[in-house]
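Thank you for making time for this at the group meeting. I would like to walk through one structure with you, and I will put it on the screen before I say anything about it.

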Amino acid sequence: MMRTTVHDGWRLRAVGGPVPGPIAGRQLPARVPGSTHLDLIAAHVIPDPYLDGHEAELAWMHRVDWEYTTVFHAGAAAPGERTDLVFDGLDTVATVELNGDVLGHTANMHRGHRFDVRNSLREGANELTVSLKSALTYAEQAEAGLGRRQRAYPHPYNAIRKMACSFGWDWGPDLQTAGIWKPVRLERWDTARLAQVRPLIAVDSAGTGHVDVHLELDRAADREYTAVVETGGRTERATVAGDTATVSILVPDVRLWWPVGYGDQPLYDLTVTLLADGRPVDRARRRIGFRTVTVDTAPDETGTPFTFVINGRRVFAKGANWIPDDHFLTRITPQRIARRIDQAVDANMNMLRVWGGGIYETDDFYDACDERGVLVWQDFLFACAFYAEEQPLRGEVEAEARENITRLVTHPSLVLWNGNNENLPAYADWAGWRDTLAGRSWGHGYYTDLLPRLVAELDPTRPYAPGSPYSPGDLPPNDAHHGTRHEWDVWNAVDYTHYRTHTPRFSAEFGFQGPPTWTTLHRWIHEQPLTPTSPAFLVHQKAGDGDDKLRRGLEPHLPVPADFEQWHWATQLNQARAVAFGIEHFRSWWPRTAGALVWQLNDCWPAISWAAVDSDERPKPLYYAIKHAFAPRLLTVQPRDDRTTLIAVNDHDQPWTGIVQATRQTFAGQVLATAELPLHVPPRSTAHLDLDDDLLKPADERCEVLIATAGDARAHHLFGEDRDLDYDPFPFTADVTPITGGYRIDVRATSYVRDLALLADKVAPDAVVDDMLVSLAAGESYSLLVRTSATLDQPSVLVRPDVLCCANTVARAEDRQR
Ligand code: BMA
């Protein structure tokens, strides 16, 4: 088998549609893998679509047809030789021609295509052309044929198998990509090739790993075929009589792969060699891990749980939802993915959910998760819409599902296949949606029949869920007592304290918006004055009514900010508070609640969004709040049976024992009540600690705080909302000391400091602070470390009030306004 990539010499031109004069007729250099927007940016013929208001100006690109061409040199196919041209991914509606012969038409970005080019390939120069039709026009025509079906956004993304958020989302731009988005290569072979390698892995109670490698052969010649499989120091071989074979290997005493926080992530190389008459003709390599996974959904006294069980151990899923890490997918490097997964792990996460409006994530993504012990829940790609179950969609859905199940099956990090995002409540609950169907299909058959059948056939080692959210039987899909739940009343309609009105069995989506970091915002939006409602700003705020929802979410808690910079800090802080409030509630209910997946970890462009990490990879204050709220050991103050209770959550294999020091004190530092509470929390469980009235009943609720501390864990309980509290607006002193690689900022609280933060990016674009949203009692000290390559002329900028701030400073803004 000889594989040669065909990535060089590509040119691009617009061949139809409303092409602006300066671009019409021009051939531009093109990158493969790549996409039209990126090629046009590189050729300086369009502005950066993420910048200011350019997104809308580029809408013409949605209606343009494009042509990619290259000439590559190759030998003609020898007699008996097979030559295939393989596209791992075409985005999306393509006609592929080689030397003028049409090889085929495609209309699905989520799968690969293989063309037999024996008869078209020439000795010497070969001209390859990929013509891409407007995906939007195609989708509209497809919809006209299939019948209109409801969707959450204007374009018919549900009538084409293309990343749904390519057509815009409530955090993403409407920039409809087109291109050859995955590798292209020529494969030359004779005899046979390994068409499919699908290892299914199990571990028995004796600790022996079972690897069943399912193989499919593509044969060009009749030979004696043998497959040799090696892993874990063992080798097995089997004769392949027909086109399929299964080779089984037993690996005794396997080292188990664990999620982060539970153990290591040993990975084993797996090699499959195909021999024809004893001579190797093809080889495939995979990396596998040994672990078991089930989801416990056996009904119990409160309803239907949804608890991941890995290697027999029940796991609270701490994590977030994942969207494509850049709207322009082909720019996402393995390094960028690795940094993002590192951030997730550093924020104490152990699970990411790959959301169904994006893509079947890449091997780079899954490799990074395999290596770090991040569990992955992968949605099938259906989101917030009804989908036709008729052709041509149906065939494409089956083909992409088969291909991606087979591709991803090897990854130990993958622990769940899920049918869709929110399409079940769309049918059951969303006002007026079902009535629009008039009896037409809507995707139910995919989620309850086709997809579970394919998973059972190709990947019986993993659980399948019909959708997210999902409740069994005839229950409303979003029922709080059964299965997974999405909480969107918070953000859309009600205050975040409403999180406590439900105790879901698994919270698969919940979140709150906030702006990106200051530097990211100003890198991408340049208008003056910049306000939450200025035109270019609103281009980057895609949520319906987003600005009002931010304001409504803020008002019950924090003072009204005096200016834009205060608004920026206050809305970021409120986002952090809202999500942490949710996480602490959900964790306090373990094991009844078995997961909290924040909406959303990452951004795909500079946006005002629910993300914890912005599109320039900078952590927002929310990120630090998540990290604290997901700490293995958490103290949290929660209402239980009309009583304010301290709950200790121990997500650790060791018991948590010691003493909780609890005080009620004034902001000025006068201690009014103290208690020492013995703490004993068994591994992976919670304990409730009763607090006496003298701790719970403030003399003056405006200037007192209850602080409970055990080791590194600490809970702060205020007796009112920030906007009503009498904070000292200047509650600390701070000194800066240069250290290797950055600066140390020593903060000393002169009065109670709530949510100390250092917005390091304001000082240097690469500056990152190690922690923030730390609260300090009067008299306490805390050191923040800022890492940066910059040498600051004036290190004292790090303690400027707009850089080193806290919740108290938002209050000060209101004072200024008064
Ligand atoms: C959920 C997600 C996304 C959306 C988010 C925020 O429903 O599934 O569709 O971006 O809410 O509105």
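**The ligand and its surroundings**

Let me begin at the ligand, where a polar side-chain atom of Trp171 lies 2.6 Å from an oxygen atom of the ligand. Before I go further, please keep in mind that what you see is a predicted model. Two other side chains come in with polar atoms as well: one such atom of Trp169 is 2.9 Å from a ligand oxygen, and one of Asn421 is 2.8 Å from a ligand oxygen. As for how much of the ligand is covered, the ligand taken alone would expose 300 Å², and the protein buries 92% of that.

Which residues stand around the ligand? Besides the three I have just named, the shell holds Asp170, Trp355, Cys384, Glu422, Trp488, Glu509, Trp599 and Trp610. If we sort the residues of this shell by character, seven are nonpolar, one is polar and three are charged.

**Strand S30 and its partners**

From the ligand I would like to move to strand S30, which covers residues 595-598 and is covered on both of its faces, with Gly595 and Leu597 buried on one side and Ala596 and Val598 buried on the other. Strand S23, residues 317-322, runs parallel to S30 and is joined to it by four bridges, while strand S29, residues 506-510, also pairs with S30 in the parallel sense, over two bridges. Which residues stand opposite Val598 of S30? From S23 it is Ala320, and from S29 it is Phe510.

**Salt bridges**

Side chains of opposite charge can pair when their charged atoms come close, and in this structure there are 65 salt bridges. I have picked out three of them to discuss.

In the pair formed by Asp91 and Lys162, the N to O distance is 2.7 Å. This pair links distant parts of the chain, since Asp91 sits in strand S6 (residues 90-91) and Lys162 in the loop between helix H3 (135-146) and strand S11 (179-180), 71 residues apart. Are these two partners buried or exposed? Asp91 has a relative accessible area of 3% and is therefore buried, the cut-off being under 20%, and Lys162, at 3% relative accessibility, counts as buried too.

The second pair is Arg339 with Glu617, whose closest N and O atoms are 2.7 Å apart. Because Arg339 lies in helix H4 (residues 334-346) and Glu617 in the loop between S30 and helix H14 (621-629), this salt bridge ties together parts that are 278 residues apart in sequence. Arg339 itself is partly exposed, with a relative accessible area of 40%.

The third pair joins the side chains of Arg744 and Asp746, at 3.0 Å from N to O. Here Arg744 counts as partly exposed at 29% relative accessibility, and Asp746 is partly exposed as well, with 22%. Beyond such single pairs, salt bridges that share partners bring Arg3, Asp84, Asp88, Arg114, Arg185, Glu187 and Asp282 together in one network.

**Helix H5**

I will finish with helix H5, residues 363-372, whose buried residues are Phe365, Tyr366, Ala368, Cys369, Asp370 and Arg372. After H5 comes Gly373, which has a positive phi, near 75°.

Definitions and conventions. Residues are numbered from 1 along each chain as its sequence is written. This is a predicted model: local features need pLDDT of at least 70, side-chain atom pairs count only at pLDDT 80 or more; totals for chains, interfaces and linings use all residues. Side-chain values use heavy atoms; hydrogens and water are left out. A residue is near a molecule or strand if one of its heavy atoms lies within 4 Å of it. A polar contact is a pair of N or O atoms within 3.5 Å; within protein, one must be able to donate a hydrogen and the other to accept it, and residues adjacent in sequence count only if both atoms are side-chain atoms. Accessible areas come from the Shrake-Rupley method with a 1.4 Å probe; for residues, only the protein chains shown count as cover. Ala, Val, Leu, Ile, Met, Phe, Trp, Tyr, Cys and Pro count as nonpolar, Asp, Glu, Lys and Arg as charged, and the others, Gly among them, as polar. Buried means under 20% relative accessible area, exposed over 50%, partly exposed in between (1.4 Å probe, protein chains only). Two strands pair if DSSP finds at least two bridges between them. A salt bridge is a side-chain nitrogen of Lys or Arg within 4 Å of a carboxyl oxygen of Asp or Glu.
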